[in-house]
Amino acid sequence: RLFATRTGDLPAGLTPNLVEWALKQGYTVDDQTEVFNNFDSDGFEAWLESIEVFSKGQPIKPHWYQRDAVRHILDKSRALIQLPTSAGKSLVIGLFSKYFFDHHNPGKVLVIVPTVALVKQMKDDLLDYQLFEDRDILCIKSGTERDSNSKIYISTWQTACKQGPEWYNQFNAL
């Protein structure tokens with residue numbers, strides 16, 4: 001369903017899957033997809049060891065599966081990560097965002113959560129980890145500002161989809 005039969009478009013993140021399928025079918029593949037990813041896994045581990053992460057005021061170390069999730073996102077540039085309830089999805093998002101700001105251009109990150117209640121909860125979690133300050137995070141809800149100098153915008157899909165295309169240009173990560 002992700003392949004647009006009318007236009008022949010396929011999301012770029014599915015290129016490796018398409019190439020794998022085509023090769024299994026016996027096709028010759030001339031993959032000219034350009035991937036701009038210079039992710040350094042060893043550098044990521046050194047960076048992760050150099051930062052302090054907290055929970056309820058106590059220092060914590062991310063679990064191996066949280067580290068792997070962030071590493072996978074950074075390595076693939078486009079990824080869908082599934083984590084079960086209480087696996088620390090907000091910590092994964094926080095670590096990704098922190099790495100993004102420490103190692104890439106100073107664009108903004110848009111975090112989309114499913115409910116209005118999770119907008120505040122996500123902000124509270126990110127502040128609890130002490131990876132960001134209050135001024136770095138903008139919660140977008142009905143009746144709130146849509147633009148600021150904040151690094152991270154947290155919104156529901158229902159609110160974000162009402163913004164014009166130019167609004168999305170300020171974000172370098174989702």
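Student: What makes Leu-18, Trp-21, Leu-23, Tyr-27 and Val-29 a nonpolar surface patch?

Tutor: In this predicted model, these five residues make a nonpolar surface patch of about 510 Å². The term applies because such a patch is built from residues with over 30% relative accessible area and no salt bridge, with nonpolar side chains joined within 5 Å. Of its members, Leu-23 lies in helix α1, which covers residues 15-24.

Student: Helix α1 also holds Lys-24 and Glu-20; why is the meeting of their side chains called a salt bridge?

Tutor: The nitrogen of Lys-24 and the oxygen of Glu-20 are 3.2 Å apart, and the cut-off is 4 Å between a side-chain nitrogen of Lys or Arg and a carboxyl oxygen of Asp or Glu, so the pair qualifies. As for the setting, the two residues are four apart in helix α1 and therefore separated by about one helical turn. In general, side chains of opposite charge can pair when their charged atoms come close.

Student: How do you know which of Lys-24 and Glu-20 is exposed and which is partly exposed?

Tutor: Lys-24 has a relative accessible area of 64%, and because exposed means over 50%, Lys-24 is exposed. Glu-20 has 44%, a value that falls between the 20% and 50% limits, so Glu-20 is partly exposed.

Student: What makes the pairing of Arg-67 with Glu-45 a link between distant parts of the chain?

Tutor: The closest N and O atoms of Arg-67 and Glu-45 are 2.6 Å apart, and the two residues form a salt bridge. This pair links distant parts of the chain, since Arg-67 belongs to helix α3 (residues 64-76) and Glu-45 to helix α2 (residues 41-50), with their positions 22 residues apart. Arg-67 has 13% relative accessibility, and because this is under 20%, Arg-67 counts as buried. Glu-45, with a relative accessible area of 22%, is partly exposed.

Student: How do you know that Glu-49 and Lys-61 form a salt bridge?

Tutor: Their closest N and O atoms are 3.6 Å apart, which is within the 4 Å limit, and therefore the pair is counted as a salt bridge. This pair also links distant parts of the chain, with Glu-49 in helix α2 and Lys-61 in the loop between β2 (58-60) and α3, 12 residues apart. Glu-49 is partly exposed at 45%, whereas Lys-61 counts as exposed at 55%.

Student: Which residues are linked in a network of salt bridges, and how many salt bridges does a search of the whole structure find?

Tutor: The network links Glu-45, Glu-49, Lys-61, Arg-67, Asp-68 and Arg-71, and the search of the whole structure finds 11 salt bridges. The protein chain as a whole has 19 positive and 22 negative side chains, and the centres of the two sets lie 7 Å apart.

Student: Why is Ser-97 called buried?

Tutor: Ser-97 has 1% relative accessibility, and because buried means under 20%, Ser-97 counts as buried. Ser-97 lies in helix α4 (residues 89-103), and, leaving aside neighbours within four places in sequence, Ser-97 is in contact with Val-109, Phe-132 and Ile-152.

Student: Is Met-122 buried or exposed, and what does Met-122 touch?

Tutor: Met-122, in helix α5 (residues 116-128), has 9% relative accessibility, which is under 20%, and so counts as buried. Not counting residues up to four places away in sequence, Met-122 touches Ser-90, Ile-93, Val-111, Val-113 and Ile-154. The C-alpha atoms of Met-122 and Ile-154 are separated by 7.6 Å, although the two residues are 32 apart along the chain.

Student: What makes Lys-162 count as exposed?

Tutor: Lys-162 has 67% relative accessibility, which is over 50%, and therefore counts as exposed. Lys-162 is placed in the loop between α6 (157-160) and α7 (165-168). The C-alpha atoms of Lys-162 and Arg-135, 27 residues apart along the chain, are separated by 24 Å.

Student: How many helices and strands are there in the protein chain, and what percentage of its residues count as buried?

Tutor: The protein chain has seven helices and six strands, and 35% of its 174 residues count as buried. Among the contacts with a separation of 6 or more, 55% are accounted for by residues 24 or more positions apart.

Definitions and conventions: Residues are numbered from 1 along each chain as its sequence is written. This is a predicted model: local features need pLDDT of at least 70, side-chain atom pairs count only at pLDDT 80 or more; totals for chains, interfaces and linings use all residues. Side-chain values use heavy atoms; hydrogens and water are left out. Patches are made of residues with over 30% relative accessible area and no salt bridge: like charges are joined within 9 Å, nonpolar side chains (Val, Leu, Ile, Met, Phe, Trp, Tyr) within 5 Å. Accessible areas come from the Shrake-Rupley method with a 1.4 Å probe; for residues, only the protein chains shown count as cover. Buried means under 20% relative accessible area, exposed over 50%, partly exposed in between (1.4 Å probe, protein chains only). Contact means heavy atoms within 4.5 Å. Lys and Arg count as positive and Asp and Glu as negative; His and the chain ends are not counted. The place of a charge is taken as NZ of Lys, CZ of Arg, CG of Asp or CD of Glu.
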